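Good morning, and thank you for coming. I would like to take you through the side-chain contacts of one protein model, and I ask that you keep the structure in view as I speak.

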Amino acid sequence: MSILLHVCCAPCLLYPARILANEGVDFTCYFYNPNIHPFREFRQRLETLKQLIDQRRYPCIIEPDYGLRDFLRAVVFGEDHRCSFCYSSRLTKTAQRAAGEGFNGFSTTLLYSRFQNHTAITNIGHHCSDEHAVPFIYHDFRVGWEEGIRESRELALYRQGYCGCIFSEEERYNKQSQNTSTDHHV
Ligand code: SF4
């Protein structure tokens, strides 16, 4: 079985990659994340992923365009509901490519994060599956949360401090300034 695996960042890839490999699933990584702001952060997360996929020789497709403007235009005036668009836009594109390029299914490393809305991601994944007639491969990768963190630290991978968009960056560091700091890698 070969699937297209949407990848949000390198640390979140570690555990899902292990599980899929153990199951004999042949996966190709797919980096499409116009929600990562600002550009230097986007570039850093992408470079970290490239470092990991080079080491592990994972096949990977990287969307060449950043997509910042389209992302911001889509969420402006609806910032409080932005995450649905964010999940949907990334999974739609993943499903489209998976269907168009002959993969047997698609999935996402977003299913690994304890900080994401797992139910929304799952529902959107199934919806995209119906829309594009390609199976959504669901796993609750969150069970490997601690293991993935440990491995990313051992590998000294860059670990981001906030989810991705400029709104999440503000929420993260405003909270921090109010003295509620913890490890908020997502
Ligand atoms: S908080 Fe995270 S999931 Fe929500 S819109 Fe921003 S980057 Fe996307």
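I will discuss salt bridges, the surroundings of the ligand, aromatic pairs, cysteines and, finally, some backbone features. Please bear in mind throughout that this is a predicted model.

Let me begin with the charged side chains. The structure contains 11 salt bridges, and I have chosen a few of them to describe. One joins R45 to E41, with the closest N and O atoms 2.7 Å apart. Where do R45 and E41 sit in relation to one another? They are 4 residues apart in helix α2, which spans residues 39–56, so about one helical turn separates them. R45 is buried, its relative accessible area being 3%, and E41 is also classed as buried, at 9% relative accessibility.

R45 has a further contact to note. The residue lies over the face of Y162, at 5.3 Å from the ring centre. A second residue placed over a ring is K93, which lies over the face of Y32 at 4.8 Å from the ring centre.

The next salt bridge is formed by the side chains of E171 and R82, at 3.2 Å from N to O. Here the pair links distant parts of the chain, since E171 belongs to helix α7 (residues 166–177) and R82 to helix α4 (residues 82–100), 89 residues apart. E171 is partly exposed, with 39% relative accessibility, whereas R82 counts as buried at 10%.

A third example is the salt bridge between the side chains of D140 and R142, at 2.8 Å from N to O. D140 is partly exposed at 30% relative accessibility, and R142 is partly exposed at 28%. In addition, R18, R56, E147 and E151 are joined into one network by salt bridges that share partners.

I turn now to the ligand. Which residues surround the ligand? They are N35, R82, C83, C86, Y87, Q116, C163, G164, C165 and S168. R82, which we have just met in the salt bridge with E171, is thus part of the ligand shell as well. Helix α4 supplies the largest share of this shell, with 4 residues. Sorted by class, the shell has 5 nonpolar, 4 polar and 1 charged residues. C83, one of the surrounding residues, counts as partly exposed at 40% relative accessibility.

Let us move to the aromatic side chains. The count here is 12 aromatic pairs. Y30 and Y32 form a stacked pair because their ring centres are 6.3 Å apart and their planes meet at 20°, planes under 30 degrees apart being counted as stacked. Y30 and Y32 are both buried. Y32 is also the residue whose ring face lies beneath K93 in the contact described earlier.

F39 and F42 make another stacked pair, with 6.0 Å from centre to centre and 25° between the planes. Since F39 and F42 are 3 residues apart in helix α2, about one helical turn separates them. How do F39 and F42 compare in accessibility? F39 is partly exposed at 40% relative accessibility, while F42 is buried, with a relative accessible area of 7%. Beyond these pairs, Y15, Y112, F115 and W145 form one aromatic cluster.

Next, the cysteines. How many disulfides does a search of the whole structure find? The search finds 0. A disulfide is a covalent bond between the sulfur atoms of two cysteines. For C29, the closest cysteine sulfur is that of C60, at 4.9 Å, which is too far for a bond; the cut-off applied is 2.5 Å. C29 itself is buried, at 0% relative accessibility.

I close with the backbone. Most residues other than glycine have a negative phi, and most peptide bonds are trans. Against that background, H37 and P38 are joined by a cis peptide bond, with omega at about -10°. P38 is located in the loop between β2 (26–31) and α2.

Where do the alanines with a positive phi lie? A133, which is not a glycine, has a positive phi of about 55° and is found in the loop between α5 (118–132) and α6 (145–154). A133 counts as exposed, at 70% relative accessibility. A156 likewise has a positive phi of about 55° without being a glycine, and its place is in the loop between α6 and α7. A156 is exposed as well, at 64% relative accessibility.

How values were computed: Residues are numbered from 1 along each chain as its sequence is written. This is a predicted model: local features need pLDDT of at least 70, side-chain atom pairs count only at pLDDT 80 or more; totals for chains, interfaces and linings use all residues. Side-chain values use heavy atoms; hydrogens and water are left out. A salt bridge is a side-chain nitrogen of Lys or Arg within 4 Å of a carboxyl oxygen of Asp or Glu. Helices (H or I, at least four residues) and strands (E, at least two) are DSSP runs, numbered from the N terminus. Buried means under 20% relative accessible area, exposed over 50%, partly exposed in between (1.4 Å probe, protein chains only). A residue is near a molecule or strand if one of its heavy atoms lies within 4 Å of it. Ala, Val, Leu, Ile, Met, Phe, Trp, Tyr, Cys and Pro count as nonpolar, Asp, Glu, Lys and Arg as charged, and the others, Gly among them, as polar. Rings of Phe, Tyr and Trp (its six-membered ring) pair if their centres lie within 6.5 Å; planes under 30 degrees apart count as stacked, over 60 as edge-to-face and the rest as tilted. A charge sits over a ring if NZ of Lys or CZ of Arg is within 6 Å of the ring centre and within 35 degrees of the ring normal.
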